[in-house]
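Subject: The structure I promised

Hi,

Here is the structure we talked about, ready for you to open. Have a look around first, and then read on for what turned up.

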Amino acid sequence: MTVHSSLQTYADAWTHSIEAISELVTPLAESEWNQPTPCPGWSVRDVVSHIIGMECETLGDPRPIHTLPRDLFHMQGELARYMEVQVDVRRHHTAPEMLAELEYTIIRRARQLRNENRAPDTKVRAPLGAEQTLELAMKMRAFDVWVHEQDLRTTLGQPGNLDSPGAHVARDVLLSGLPRVVAKDAGAPPNSAVVVDVHGPLEFLRTVRVDENGHGTIDGSPSLGPLVTLAMDWETYMRLACGRVRAGAVEDKVKVEGDGALATAILNKFALTP
């Protein structure tokens, strides 16, 4: 147990997803590690390499000294290049090497979490040399491993855990970015409202309200006259918000009511992660 219950929530979600990932990849043949995943540019091996690398950084391990090749065209921006180092340095590792490092990393991180006694607002290392609170760091690790668990499940044809502890963390993380998508990125007009109605393993309804200054906020109360209502299942919401699929590819899974142009703008800007 951690001292703070808010941290335990994220520790439990991380544990659930990381153990699921281990179970998914342990039986894979060498060739199966090369299968592409919905995460742009990454194979099964790359996804697991990223997870290992980020957990090692969370443990305080030094980053690899590694020069990236110039032909990795899926990388967009400085953060993507930062993330790619931990991936590219493992691209020639065999399946047994990957599994051994994953298992060892899980053991180390689980021990760290069991012994965690720092306050949630303690500042810790973040990507690109920045700092973040321990609570945010643990939340984002729980979010990250759940999303990548879903990447692996999609590739391997083993759906599941869409209502797991990690899924609830992911829902909250993704919803926190929705006001920006609606108000700023899609340009919803002042004094308007957009409703998102999600069904499936996780069900929720949220209203983004844009005030007279163009600032968006979100709450769980329905709007009497929304400019747009978007209805979709949870998996579609997650795939759109995580940049795993473009709106045009899932238009048959999204029901739109209201202003069609604004709905299209919102859906085209829905992705919060690369």
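Which element gives the most residues to the lining of the largest cavity? It's α5, with three residues. Before going further, please keep in mind that this is a predicted model.

**The cavity**

Searching the whole structure turned up one cavity of 30 Å³ or more. The space inside comes to about 50 Å³. If you want to find the spot, select Pro 38, Gln 150, Asp 151, Thr 154, Met 238, Arg 239 and Arg 244, which line the largest cavity. Two elements, α5 (134-156) and α8 (234-241), each give two or more residues to that lining. By character, the lining splits into three charged residues, two polar and two nonpolar.

**The cysteines**

How many disulfides does a search of the whole structure find? The count is zero. Cys 39, for one, is in no disulfide, and the nearest cysteine sulfur to it belongs to Cys 242, 9.5 Å away. Seen from the other side, the closest cysteine sulfur to that of Cys 242 is the one in Cys 39, and 9.5 Å is too far for a bond, because a disulfide needs the two sulfurs within 2.5 Å. Are these two cysteines buried or exposed? Cys 39 counts as buried because its relative accessibility is 7%, and Cys 242 is buried too, with a relative accessible area of 0%.

**Strands and hairpins**

Next, take a look at β3 (residues 192-199) and β4 (residues 204-210). These strands run antiparallel and are joined by seven bridges. To see one of the pairings, go to Val 194, which stands opposite Val 208 in β4. The two strands make a hairpin with four residues between them, and in the turn Gly 200 has a positive phi of about 115 degrees.

From there, β4 carries on to another partner: β4 pairs with β5 (residues 216-219), again in the antiparallel sense, over four bridges. Here Thr 207 has Asp 219 in β5 as its bridge partner. This pair also forms a hairpin, with five residues between the strands, and Gly 214 in the turn has a positive phi of about 80 degrees.

As you step along a strand, remember that in a regular strand the side chains alternate between the two faces of the sheet.

**A residue in β6**

Thr 229 is worth a click as well. You'll find Thr 229 in strand β6 (residues 228-233). With a relative accessibility of 17%, Thr 229 counts as buried, because the cut-off for buried is under 20%. Leaving out residues up to four places away in sequence, Thr 229 touches Val 195, Lys 255, Val 256 and Glu 257.

**Positive phi without glycine**

Two loop residues round things off. Leu 128 isn't a glycine, yet has a positive phi of about 65 degrees. Leu 128 sits in the loop between β1 (123-125) and β2 (131-133), and is partly exposed, at 42% relative accessible area.

Asn 191 is another residue other than glycine with a positive phi, in this case near 60 degrees. Look for Asn 191 in the loop between α7 (178-185) and β3. Is Asn 191 buried or exposed? Asn 191 counts as exposed, because its relative accessibility is 60%.

Happy browsing!

Note on methods
Residues are numbered from 1 along each chain as its sequence is written. This is a predicted model: local features need pLDDT of at least 70, side-chain atom pairs count only at pLDDT 80 or more; totals for chains, interfaces and linings use all residues. Side-chain values use heavy atoms; hydrogens and water are left out. On a 1 Å grid over the protein atoms alone, a cavity is a set of points where a 1.4 Å probe fits but cannot get out, and a pocket is an open set with protein on both sides within 12 Å along at least five of seven lines; lining residues have an atom within 4 Å of a point. Grid points are joined across faces, edges and corners, and a volume is the space filled by probe spheres set on the points. Ala, Val, Leu, Ile, Met, Phe, Trp, Tyr, Cys and Pro count as nonpolar, Asp, Glu, Lys and Arg as charged, and the others, Gly among them, as polar. Buried means under 20% relative accessible area, exposed over 50%, partly exposed in between (1.4 Å probe, protein chains only). Contact means heavy atoms within 4.5 Å. Two strands pair if DSSP finds at least two bridges between them.
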